[in-house]
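Open the structure in your viewer and keep the selection tool at hand. The tour below goes from stop to stop, saying what to select and what is there.

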Amino acid sequence: MICPRCQTPLAPLRLTCQACQHLVYLAKLRALNHNSGNDLVTLPQRDFTLGREEKNDWVLNVAGVSRRHLRVHFAEGVYWAEDCGSKNGVFINGSRVHKTILCDQDCVQIGAARFYFFLTENTAGSFASREEVAAGAVSQKTRSSNPAAACAENDHAKWQEWVRQHLLQGALRLAHAQEARKLQQLLAQAAACFAPASAREPGGQEREEIFGQALVKEKTGAGKFAAPAKYDLAYCSRPSGAVGGDYVEVIALHEAEALIVIGDVAGKGAAAAQMRDRLQACLRLHVLYESRLENLAQALNQIVCALGPAATFTTLFLGLLQGPRGVLRYVNAGHNPGVMIYPPTATPRYELLRGSGAALGVLERNVLAEKEIVIPAGATLIFYTDGVTEAVGADSRQYGLTRLIECATTGIFSSKNLSAQNLLQLLQEDLPYAAAHAVGISRPQDDQSILVIVARGG
């Protein structure tokens with residue numbers, strides 16, 4: 001690229017000419033998800049801050065954003081993104097950073113707010129002549145707001161159109177494969193998506209607490225998975241309010257395989273619950289004709305990107321438990337690492353099932369690498385949402401992953417053949433919420449979900 005004013009070749013990444021200081025490019029931030037996707041600002045050649053406090057240049061009253069979260073700093077002809085010591089960090093294209101140069105088309109996430117940083121040619125030569133927000137106007141501070149009712153109606157129409165498209169795609173694939181039974185299930189699942197809210201299972205009004213012992217049965221009804229390893233599963237989900245955004249489910253595919261799901265939609269209340277219900281409906285549609293975990297995760301990612309309510313991203317662990325092989329194949333989209341505690345030996349040993357990609361909704365094309373782990377007989381797997389490990393006790397300290405592992409390990413080592421349901425109950429009783437509930441506190445501070453899997457010997 002050559003400077004249009006003095007014809008000097010431009011250095012890589014620079015927005016200004018080194019010779020004449022002409023501003024060749026305008027740098028802009030476009031908000032993707034917290035104000036109907038229409039917010040756009042042109043960055044000035046000075047510090048530009050984003051956060052919850054009123055003194056920031058861009059005030060963001062959304063979940064997970066600190067008082068002064070991000071500073072965009074212009075220096076030596078380039079823009080830098082710098083974390084201002086925030087609690088939840090700054091993510092560029094899914095990776096956490098402290099300070100880095102911003103490049104064209106970077107996706108920036110702070111808390112539940114997502115932005116695209118992009119460049120346009122400075123054809124007008126000054127900020128004042130632009131239709132977008134100018135440097136002087138930026139100082140008046142752009143504020144976030146909740147979507148209006150018209151936006152919600154449009155969002156629902158987009159959701160129904162999405163269901164129609166994928167219904168057609170799935171129906172064609174199942175018809176070609178002559179899967180008549182699955183085709184009927186697909187039509188029934190799609191019909192449930194179009195049913196009036198009052199006719200649906202109370203997702204928007206939500207069950208106060210969800211407890212279940214999910215036993216994936218053989219055809220004989222033995223209540224376990226097929227040999228060589230048999231799995232006992234139990235789960236619970238407790239919202240912090242009347243409704244919640246945690247998603248936990250076990251979907252039996254057939255006698256030897258099951259899909260395990262645990263996720264956390266950013267935010268709380270009805271909006272988070274609606275997003276959770278849509279993810280559940282999306283997954284139940286796709287699992288009827290799609291078996292690859294990466295494709296399932298990408299379909300869920302598209303839902304969050306295109307149809308998610310304001311200020312939403314979602315962490316998700318999606319695993320395929322295969323009984324005959326004794327393995328778990330999984331993708332982890334920015335969710336808390338699952339824990340596999342090995343069978344009791346002289347020394348307790350565990351392994352973390354860490355993330356394989358960014359949270360859903362962070363990137364429009366989220367590449368999630370599939371991983372696989374062998375589950376030995378006698379091992380225990382525990383999955384949870386951050387409402388569990390970040391629960392705060394009377395001493396103002398978080399419960400933490402270390403204590404979760406210690407509690408589970410103690411129970412496993414002290415009780416022979418501990419069931420998934422008993423271990424789940426043990427973990428629940430150890431949470432700070434249990435003590436608080438005993439003195440009259442009826443709700444945890446955040447949604448709490450736990451899924452426990454115990455592998456039995458063949």
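The stops cover a cavity, a helix, the cysteines and some salt bridges in this predicted model.

**Stop 1: the cavity**

How many cavities of 30 Å³ or more does a search of the whole structure find? The search finds one, and its volume is about 40 Å³. To see the surroundings of this cavity, select Cys 236, Arg 238, Val 388, Gln 428, Leu 431, Gln 448, Ser 449 and Ile 450, which line it. Colour the lining by class: four residues are nonpolar, three are polar and one is charged.

Next, show the strands β14 (230-238) and β23 (448-456), each of which supplies at least two residues of the lining. Which element gives the most to the lining? Strand β23 does, with three residues.

**Stop 2: helix α8**

Stay with Gln 428, one of the lining residues of the cavity, and select helix α8, residues 420-430. Its buried residues are Ala 420, Leu 423, Leu 424, Leu 427 and Gln 428. Turn the view to look down the axis of α8: the buried residues fall within an arc of 140°, so they line one face of the helix.

Now select Asp 430, also in helix α8, and Arg 403 in helix α7 (residues 400-414). The side chains of Asp 430 and Arg 403 meet in a salt bridge, 3.0 Å from N to O. This pair links distant parts of the chain, with the two positions 27 residues apart in numbering. Asp 430 is partly exposed, at a relative accessible area of 22%. Arg 403 is partly exposed as well, at 40%.

**Stop 3: the cysteines**

Select Cys 236, a residue of the cavity lining. Is this residue buried or exposed? Cys 236 has a relative accessible area of 4%, under the 20% cut-off, and therefore counts as buried. Then select Cys 107, which is buried with a relative accessible area of 1%. There is no disulfide to look for, as the structure holds zero of them.

**Stop 4: a salt bridge between a strand and a helix**

A search of the whole structure finds 11 salt bridges. For another of them, select Glu 249 and Arg 284, whose side chains meet at 2.4 Å, N to O. Glu 249 is in strand β15 (residues 246-254) and Arg 284 is in helix α4 (residues 269-286). The two are 35 residues apart, and the pair links distant parts of the chain. How accessible are the partners? Glu 249 counts as buried at 9% relative accessibility, while Arg 284 counts as partly exposed at 30%.

**Stop 5: a salt-bridge network**

Last, select Arg 71 and Asp 47, whose side chains meet in a salt bridge of 2.7 Å, N to O. Arg 71 lies in strand β5 (residues 70-75), and Asp 47 lies in the loop between β2 (40-42) and β3 (48-51). These residues are 24 apart in the chain, and the pair links distant parts of it. Arg 71 counts as buried at 16% relative accessibility, whereas Asp 47 is partly exposed at 28%.

Which residues are linked in a network of salt bridges here? Add Glu 82 to the selection: Asp 47, Arg 71 and Glu 82 are linked in such a network.

Note on methods: Residues numbered from 1 in each chain as written. Predicted model: local features only at pLDDT ≥ 70, side-chain atom pairs only at ≥ 80, totals over all residues. Heavy atoms only, no water. 1 Å grid on protein atoms, 1.4 Å probe; cavity = no way out; pocket = protein on both sides within 12 Å on 5 of 7 lines; lining within 4 Å. Points joined across faces, edges and corners; volume = space filled by probe spheres on them. Helix = DSSP H or I, 4+ residues; strand = E, 2+ residues; numbered from the N terminus. Nonpolar A, V, L, I, M, F, W, Y, C, P; charged D, E, K, R; others polar. Disulfide = S-S within 2.5 Å. Buried < 20%, exposed > 50% of the residue type's maximum accessible area, 1.4 Å probe, protein only. Arc of directions from axis to C-beta. Salt bridge = Lys/Arg side-chain N within 4 Å of Asp/Glu carboxyl O.
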